[in-house]
Each structure stands twice: as C-alpha cells, then as structure tokens.
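Student: I am new to this structure. Can we go through some terms and see how each one is earned?
Tutor: Yes. Here it is.

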Number of protein chains: 4
Amino acid sequence: MSERKIRAPFFVVNPKSFLYGEELYALASHADKLAKEYDLDILFTGPLTELAILAARFPNLIITSQHMDSVGLGDSMGRILPESLKEIGVEVVVINHADRALTFSQVIATVKRAKELGLKTLVCADSILEAKAIAELEPDILLAEPTELIGQAQMTSDEYVLETTRLIKEVNPNILVEQGAGIRTEDDVRKLLELGADGVGLTSGIVKADNPQEMMEKMVMEIVKFK
Amino acid sequence: MSERKIRAPFFVVNPKSFLYGEELYALASHADKLAKEYDLDILFTGPLTELAILAARFPNLIITSQHMDSVGLGDSMGRILPESLKEIGVEVVVINHADRALTFSQVIATVKRAKELGLKTLVCADSILEAKAIAELEPDILLAEPTELIGQAQMTSDEYVLETTRLIKEVNPNILVEQGAGIRTEDDVRKLLELGADGVGLTSGIVKADNPQEMMEKMVMEIVKFK
Amino acid sequence: MSERKIRAPFFVVNPKSFLYGEELYALASHADKLAKEYDLDILFTGPLTELAILAARFPNLIITSQHMDSVGLGDSMGRILPESLKEIGVEVVVINHADRALTFSQVIATVKRAKELGLKTLVCADSILEAKAIAELEPDILLAEPTELIGQAQMTSDEYVLETTRLIKEVNPNILVEQGAGIRTEDDVRKLLELGADGVGLTSGIVKADNPQEMMEKMVMEIVKFK
Amino acid sequence: MSERKIRAPFFVVNPKSFLYGEELYALASHADKLAKEYDLDILFTGPLTELAILAARFPNLIITSQHMDSVGLGDSMGRILPESLKEIGVEVVVINHADRALTFSQVIATVKRAKELGLKTLVCADSILEAKAIAELEPDILLAEPTELIGQAQMTSDEYVLETTRLIKEVNPNILVEQGAGIRTEDDVRKLLELGADGVGLTSGIVKADNPQEMMEKMVMEIVKFK
C-alpha cells in the first residue's frame, strides 16, 4: 500500500459499534463511491473484526481502526495487533478515544508503534491541555473533543474550535485538526470547516439519521465545496 | 452456519499474537487439510482482525476468537462486538483468558451474550475453585489451566488434570474439558488424552517448534488415535 | 488483638465515602455505645485513610476496611497494604465489592492474604452463581447482593434472600450470610433477619436518613430482638 | 493547617509499601527531628492507612499521600477520598505515579480536585513530553522520572536532568522539579542538586540501606548544604 498523505478537507465516518455486516457494507459502499467520484479522503471505521472485509471491498476508502494495542508479536491474547492491522489494509488507527482512554505513556508508545509500521495516527484529546500535549507527538490527525471543558469560563463551541485549531497548529502546522462534537446536519459540517477544521467526523449524525446514506452524502457535498 | 456440536477429542491451535498474515494462513491451511482428512474438530485462533479471513478461507476449521466484549450494538468504540464475530463466521469465543481476565460478573454476562447469539464458549479458569464455579455457567468447553495452584500441597500435573476433569464432569458431564499447560511434544498430547482430557490446546509447542506444521501434524495424529 | 469470632445477628454500618471527619466520628461514637450496651457485633467502615482513627477511638466497633490489595511488603505505591490494615486495628476487610470488582483469581489471592494475617473476610457476590463459587473460599461473611439477577424468571426479593442463604449454607454452614439491598427502615431490617439473614448492612438507609444516628439506633434495636 | 509553600531544596522520603508500623514510625521520627533541626522541608509518605498516624505524630514532616482518587463525597467504595486526606493532615498528594498511572483527563481532574481542597500536588511524568504537558497543569512539584527514554539517542542521566529541569521551568518557573531515579548515596543527592534539581526523592536508597536512618541523615546533610 502506498502511504498516501491524508488531504484536507477530509471526512471521517465512524459507525462505532452501531453497524455490522450488510448494513455496514451498504454504507461503506456508498461512501466508497462518493470518495471516488469527488476524489475525497474519507476515513471509514467499523467493528475491528470486519476491517479486513472493508479494506478488501472498498479500495477508495481509508480504512481506519477504532483501536490498536501497543503490543508486538508474541504471547498476548485477544489484543489488536499492529502488524495485523497493517497486513489487512488498515491505513489509520484511532488512539486514545475517550471510550478506550490511555495513560500518556501508553499514548506515546502506541503512536511510536504505529509510525514504525507506517500506520497513520488519529489521536484523540478531550481537553485543550491534552490537545497541546498530544500535538507534540506529531500525530497525522488530532481530534480535539471537549469531554470536559477546562478552565474557569465555559467557552462557546466556536471559540473552542478556533482555540484548539490555533493551539495545535502553533505546535505543528502539519497536524490535521479534526472536529466533531455534536454534528447533526450538513450545516454543522460546513460551519466547522468555515471555522478552520481540516476535517470533520461523526457517528450519531449519520447512523441515527432517517436515511444514513442520504445524510452522509449531503455532508460529503459540503466538504467537497471546501476543496 | 449450522451449530455443529464440538466433538471430543478435539484440538485447539492458538497462535495468540505470534503469527499473522501468510505465516498464519499457511499454518491454518495445513490444519484445515488435517481437519478434513481425519474428520477432526480443530479450533483455530489468530489475531482478532484476521478472523474474517480465516473463516472465509478455511471452512474445515472451527474459527475461534481470543476475546469478546459483552457489549451490544451501540456507541462502544474499539470493542470486540459479539454480533460481528457471528457475522464473519466465528463459531467459538475464548472468555476469561488469564491475559484478559474478567470479574465473575463479566464472565457471566459474556457467556450469556455468546449463548444468545449461538456462539460457543471456551471459558478459562486458573484454579480448581474457579473451574468448579465456571462449570456452573455451562460453557461448551472449560480450559482449566493452573496459573497458581491453590491449597497447601502442590499437586502433580497428573493429579491436577484428573482432579479438574472429575470435578467439572461432576457439575455437568456435558462440558468438554480442555487441558493445555506445558505441551511440547506429541507425547504430551497423548498423555493428557489418556488422563481424560476431552481436548488439548497449545501455543508455544507449535509456534516455537522448528517446523510448526510438522509438529502440529504429529500432535493431530495422536488425537486421531483417540477417536 | 484477639481474633474474636463475629456473632450473628450482626450489623454493618458502611458510610462508603459519604462521611468523613467529625460527622463520621459522631456516627461511629453512637454505634460504639450501642455495640457496648447491647453486646452486639457492629462492623463499621469509613474512608480508608481514617480507619486508624476509628480503630483507636472506638474499641467496641469491629473496624472494617472497604478494600484491600493483595500486595505484600515491597515497592507497590498507593495500595492498601494488608499488613498495615492489621497494624492499625482493622479486623475485617471487604473484598470484591461491585465498585472494586476483582477477577476470581484476585478474589482467591486476596482472601488468602487476609487469612494469613488473621484478618476476617467479608466477600461480596453479585449473583447466586458467584455467591456459590465464593462460598467455596470460606469467607467469614458473604454478602450476596444481586447487581443483576440471573436466569429467566425474575425472583422476588424474599425468594432471593431465602435462596442465597440456603445455597451458601449448603456449601458451608459456618459462613455468615449478610443481606442488604434496599434497606430503608427498621422494618426492612427485621424482615431480612426473619428471612434468615445472619446480619444486615447498609449505607443510604442511614446516611441519607433525616437523623442518621436515630435511624441507626432503631435498626440496632430490631437486631437486638433477634439475639 | 497553614498552607505553607514548599521550599527548595526539599527532600522526599517515600518508603512505598516497604515499611509500616513501628519500623515506619522510627524512620519518620528521625526525619521529623532532622526537619526541625535544619528547618528543612521533608515530604514523607507511607501506607495510605497510616497517614493519619504519621500526621498526628510528626508535625515537622510534610505528610504526603501516595495516591488520591478524584472522587467526591458519595457512594464510592474503597477509594482514597480527597476530603479525608485533608482532614487527617495530609499536605501533598502524589498523582500519576507509574504504579498508579492515570489517563491525561484523570490527571487533570485529580489536580483540580487537589487544588480545590488546598492539597499540594506532586505529579509524576515518565518522559520529557509528558513532563512538558504536565507542567501546563501547574503542579507544585513535578517528578520527571524516565520510565522509558524517548527519541532515538539514549540521553545520559545528566543531560536528562538538565533537559527536564530546563523545559519545565520554561513552561512555569514556579514549579519545583524533583529528581530521583537511582539515588543510592549522599553523593547522588549532591550531584542532582548541583544539576539544578529543586528536590530529590527516593525509596530503595534508604529502605534497603544497611542503616536506613543513618543513610537518610547523610542525604539530608547534603541537602542542607544547598540551602
């Protein structure tokens, strides 16, 4: 696999554990067509056990793993092996998602393992402070989602987006900044891109839409306008 | 997939995280031929992310997952989704391995989820007491590996095998008892079967052998004699 | 400290992390007087860091730790050291509470460490199956609280109490059975004792009462009637 | 308790779980005398369950907790309650020690809780990157211990000490930098102070010395020279 660089503006479709099997493949198939038609970088995840199928079937998607363990070949049992992710065609790994939060040392070790294997990294931070710290690790993409806003004054969403983007770019302008909290419509997508996000990603806004494929397409069309 | 019952004597090839990609498939391919030729039940594991490939390529193997999370469809991230395991053709799930030990409540919940989906369960216990407790959950297979022997007097291996088998069958004679600690040669396999094991399973004895395929075949031949 | 055996009917006052400092000592002081006046065994807990104070001030209470780590002397950091619990006068340790659930192997190891040091064990189970399994470890007290009721038919509270008590006593009649779910008044206390509980324990029913000391005394008076 | 500011050069005696009871109090008693005689800030830890005793007996020591949970008053069970630490006279809490490593979000939450209660924070980092990130949280003391050195070239100890100190002070010159890896003699203590450490802390070098009290005193004498 060539190590293509991810190009902004990009889109991340993360169905988490909401979809599997045919329902997942139908959504992936539509995303694959859109990625090809508009020459757009779409990162697509799914259950860890179906990434091999997604990678084999949908060559225009950037298959993304929801997790990776920083283990090497050996006697570990039931872990997400980095070498195996690479083998099956995964290109990007999500690290430190709030649902699989790591200690800082583990984040460092996992990013290092991914880089050694030529896997791109999408690292999550849930505060501005953590975002700044993680920026120092030079991930390919940094997702700054405010699980808990820090500091005295509650920032507005817009300010949070502007501030995280500015601070991350200050550390390293090559890091792509993903935003994502609370996207429900194509208007939310456009707004985040207008505020400076390099990419947007979401789960509920698509999987819980009346028509997920249609909603996904509307959002993709907004992203295409920013190319 | 028909829910075939696992038949004793059975064999478990568990490469843990030692093998992936072509090396894994070569071993699986040989196991698949042996399973077919001798009409033997061989459970075969591999990295979670390659189970879909194993299941698609090797129809004579009973593809087995090294782990499963007791989650349902929803917003969990980076977990091993039971529905996805079923979807890709996994038939058996390992639960409570020492490297992914669970609380007793979690073991109960995970066994329950597996049964709901028609997945067979291979539950690990690392003491005689835990083996007896887990037997009450009626797993399909119970692997009793003494991580730490309990009680004052250190039992010999033979006594441990006889005792665990007897106690588990006492609770429920339908549970298949797997033994596995320290198997290095075909003689070890034969001995465990002579002591009453319904099946044997191993990792190092195969993956660290000079010729893994040859060693696996020798072990299989011993199992075939017990049919 | 003499290793006095706990006598039924006993009472467990577990303020969890609701109380500390003077408010905790006031409640403990009243419990201490009641324990002395009625020659009753009252187990009393509090924040781990205040057990030394409780043990020094209230000699008529059986000071009980909410947790213990199965570590030995050495370089562990920030753990609850068994030797230290014994040193400061703790007599009983709670093991495997739902908020600090352990794997079965850890439960076994922790019970073993407690017994080596002459600490009594109060082990929690959150299902009938787990209760039976833990009964085999011969704890001094077994608290069977149904975090999740198992099996098809939902049992009534009464049936659950009768059934757990019967099954635990079947394994070992010397184990004291504590019941506790949902106690709000002295009537609840009486009812559980009538159903066969050796002891009752609670948190909210006391700490959230309008007058905790008064409520505690009313409950104690019910227990005294069963002596 | 007055919230005295910790003064450099300071000393941290951390017996981890090696000592308890009389042996611990004898060492603390000697440290207490030295702290008073030389008007030196000595932070002293011990098993969590004996901090109340240490605080009551040794007024010249700055009693330090090896851990704290970021819980509030409520139904948590077996946790280290911040309010209770404050109550019993603890002045400093160690956060994020390698043996109780936290996610970055947890570090942030725990530092915040400590500051709310007027507890000083001694936060551990095990890499230069983590040290820089944690410096942004403005802990009172930052212990930069390289569990794993990062980057290609292995730095020498001296370079590591100089570099961490420089980088931390760059973020905030008010943070006190503690160094500690591998101290065995009073010469090691002097060297670290010469390299710019604000304080030094250790475990093995004292508890495993032939005469712990004597070794501790020798080290203290070196620190006194830097006042």
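**Terms and reasons**

Tutor: Leu167(A) lies in helix H6 of chain A, residues 157-171. Keep in mind that this is a predicted model.

Student: Why does Leu167(A) count as buried or exposed, whichever it is?
Tutor: Set the value against the cut-off. Buried means under 20% relative accessible area. Leu167(A) has 11% relative accessibility, so Leu167(A) counts as buried.

Student: What does Leu167(A) touch, not counting residues up to four places away in sequence?
Tutor: Leu167(A) touches Ile128(A) and Lys132(A). Contact requires heavy atoms within 4.5 Å.

Student: What separates the C-alpha atoms of Leu167(A) and Ile128(A)?
Tutor: A distance of 8.2 Å. Along the chain, these residues are 39 residues apart. The 4.5 Å cut-off for contact applies to heavy atoms.

Student: Now the chains. How many residues of chain B are in contact with chain C?
Tutor: 15 residues of chain B are in contact with 15 residues of chain C. Together, the two chains bury about 1300 Å² between them. Carbon and sulfur atoms account for 65% of that area.

Student: What makes the pair Lys132(C) and Glu136(B) a salt bridge?
Tutor: The cut-off is 4 Å, from a side-chain nitrogen of Lys or Arg to a carboxyl oxygen of Asp or Glu. Lys132(C) and Glu136(B) meet at 3.3 Å, N to O. That makes a salt bridge. The count between chain B and chain C is two salt bridges.

Student: How many residue pairs are in polar contact between chain B and chain C?
Tutor: Four, with both residues at pLDDT 80 or more.

Student: Which helices of chain B supply at least two residues each to the side that touches chain C?
Tutor: Helix H4 (104-117) and helix H5 (128-135) of chain B. H5(B) gives the most, with four residues. By class, that side of chain B has eight nonpolar, three polar and four charged residues.

Student: How do you know how chain B and chain C are related?
Tutor: Lay chain B on chain C. The turn is 180 degrees, the shift along the axis is 0.0 Å, and the RMSD is 0.0 Å. The two copies are therefore related as by a two-fold rotation axis.

Student: Which C-alpha of chain B is nearest the axis?
Tutor: That of Thr103(B), 2.0 Å from the axis.

Student: Why say that the copies meet through the same surface?
Tutor: Because 100% of the interface residues of chain B are also interface residues in chain C.

Definitions and conventions:
Residues numbered from 1 in each chain as written. Chains lettered and ligands numbered in written order. Predicted model: local features only at pLDDT ≥ 70, side-chain atom pairs only at ≥ 80, totals over all residues. Heavy atoms only, no water. Buried area = accessible area lost by both parts, 1.4 Å probe. Polar contact = N/O pair within 3.5 Å; in protein donor to acceptor, adjacent residues only side chain to side chain. Nonpolar A, V, L, I, M, F, W, Y, C, P; charged D, E, K, R; others polar. Least-squares fit on C-alpha atoms with pLDDT ≥ 70 in both. Buried < 20%, exposed > 50% of the residue type's maximum accessible area, 1.4 Å probe, protein only.
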